[in-house]
Amino acid sequence: MKISVFGLGYVGCVSAACLAKVGHEVIGVDVNPTKVDLMNEGTSPIVEKDIGRIIFDVVKSDRYAPGKLVATTDAEYAVRESEISLICVGTPSNDNGSLKLDYVRRCANNIGVGIAKKSGYHVVVARSTMLPGSVEDVILKELEAASGKQVGKDFGVAMNPEFLRESTSVYDFFNPPMTVIGQYDERSGNRLEEMYHFLDAPLEKTDIKTAEMMKYACNCFHAAKVTFANEIGSICKSIGVDSHKVMDIFCMDDKLNLSSYYLKPGFAFGGSCLPKDLRALNYKAKSKDVEVPLLTSIIASNKVQIERVTDNIVRSGAKKVGFVGLSFKAGTDDLRESPLVILVEALIGKGFDIKIYDRNVSLARLVGANKDYIEKGIPHISKLMTGEIQDVIQHSDLIVIGNKAEEVEEVLKSVPDDQKIYDLVRVSECLDGLPQGYEGICW
Ligand SMILES: NC(=O)c1ccc[n+]([C@@H]2O[C@H](COP(=O)([O-])OP(=O)(O)OC[C@H]3O[C@@H](n4cnc5c(N)ncnc54)[C@H](O)[C@@H]3O)[C@@H](O)[C@H]2O)c1
């Protein structure tokens, strides 16, 4: 395949060299003539393990057919001589923290001018990290304006986030955790998929905005992981525990710790352990004068999630609110620190007329260890409970789905279209076919 790579920084250099190594014909493009000259001499413009050898091979030696990689400052030539262009230019921060898209805009303009003068279909792929909406609002618009041509007809567009880490970037390029293709249309995505024929990694095709956002979710999570480990480490040191021993054992748990568990957006956490244990560790850190801003902010963030739901219910205009589910998750009657109890209390305080159905909690009112707590600890909530789910449906202007109880399906089937449903737990993966008044908390 003939590929042009715009921007010969870390991402562009590695992409250009590795794509040439597997047999593609690659043209590297940069506005900086020094980088272009270096590359044409067979020298890497960046310092990275293995990259110098690969660039020398694909530019100069016979090993991979010399001339598989050439570099230029001439964007029009590069577009004319290729079928697919990768945008790998920088997307730094502005002084106020916002994303600077000037280089991307300029690059898309350069490619658009090239597309204007070329016949035949061309695909433009964004590899730079950009906030959701940037590809459509900046790249796609700039390409159409500069080329006078139409996306989907004359050229294709895709977003293909890069997962490499500096210092191991060549290894990462050939061994990505996955390949994500956010495609404008199937034709664009299929061309890009062909380019990656040599990769043995899961390939996920999705829409462009999801691909853009996914990269931010990854990087923010990585940053949070580093900070989390550092804060745990600082506390460990202050109390004479070896943090590496702790985290080595922590990392052995691939069921709860290093897994997809707890990583689905939804309502606040609660229950008898997480809030109390966070409080205890934060207090210990404070008593040792160890600042742990991440750990401290978790409870505050959880509170905001409950307030967000309260505010949304107030804004909905509903006066009668029904709850399906009160315990912090289905299948338990434990109401200790259930965020749903906190939510119900906030709504009672604002004068809402509330009815609650939770089969497990209703059972616990009759027998069980929680009987006393429900009747004496939270009598103001206990008296709002009903044993019949239909009571909740008939009573409410708005129904809050609080946990994934079996009965939820009955609710979704039997509510009229104009009844509002507020889902805190993503009851259904299939969001089509849900009642008109359905709304999810984070989706
Ligand atoms: N560095 C990483 O480890 C890494 C990893 C994944 C994703 N990313 C993302 O990839 C993008 C590129 O990062 P980088 O570190 O490679 O950037 P970089 O700053 O090292 O390189 C960018 C290159 O683009 C060139 N350039 C600017 N405008 C151009 C234009 N109009 N035409 C051609 N070349 C142009 C610059 O001269 C420079 O050489 C960023 O969005 C970054 O967030 C970086």
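Q: What makes strand 5 (residues 122-126) and strand 6 (residues 155-159) a pair, and which way do they run?
A: In this predicted model, five bridges join strand 5 to strand 6, and the two run parallel. Pairing needs at least two bridges, so these strands qualify. One of the links is easy to find: His122 has Phe155 as its bridge partner in strand 6.

Q: Why are strand 3 (69-72) and strand 8 (203-206) called edge strands?
A: Each of them pairs on one side only. That fits the order of the open sheet, 3-2-1-4-5-6-7-8, which has eight strands and mixed pairing. Direction ignored, neighbouring strands here are turned by 25 degrees against each other on average.

Q: Which strands does helix 2 (residues 33-40) touch as it packs on the sheet?
A: Helix 2 touches strand 2 (25-29) and strand 3, and its direction makes about 155 degrees with that of strand 3.

Q: How do you know that helix 11 (residues 274-287) meets helix 12 (residues 293-316), and which residues take part?
A: Contact is called when C-beta atoms placed from the backbone lie within 7 Å. Pro275, Leu278, Leu281, Asn282 and Ala285 in helix 11 meet Leu295, Thr296, Ile298 and Ile299 in helix 12. The helices pack at an angle of about 145 degrees, with axes 10 Å apart, and the crossing is left-handed.

Q: What kinds of residues make up the contact of helix 11 with helix 12?
A: Seven are nonpolar, two are polar and none is charged. Asn282 and Thr296 are among the contact residues, and Asn and Thr are on neither the nonpolar nor the charged list, so these two count as polar.

Terms used
Residues are numbered from 1 along each chain as its sequence is written. This is a predicted model: local features need pLDDT of at least 70, side-chain atom pairs count only at pLDDT 80 or more; totals for chains, interfaces and linings use all residues. Axes are lines fitted to C-alpha atoms, for helices over the stretch in contact, and angles run from 0 to 180 degrees between N-to-C directions. Helices (H or I, at least four residues) and strands (E, at least two) are DSSP runs, numbered from the N terminus. A crossing is left-handed if the near helix is turned anticlockwise from the far one by less than a right angle, and right-handed if clockwise. Two residues are in contact if their C-beta atoms, placed from the backbone, lie within 7 Å.
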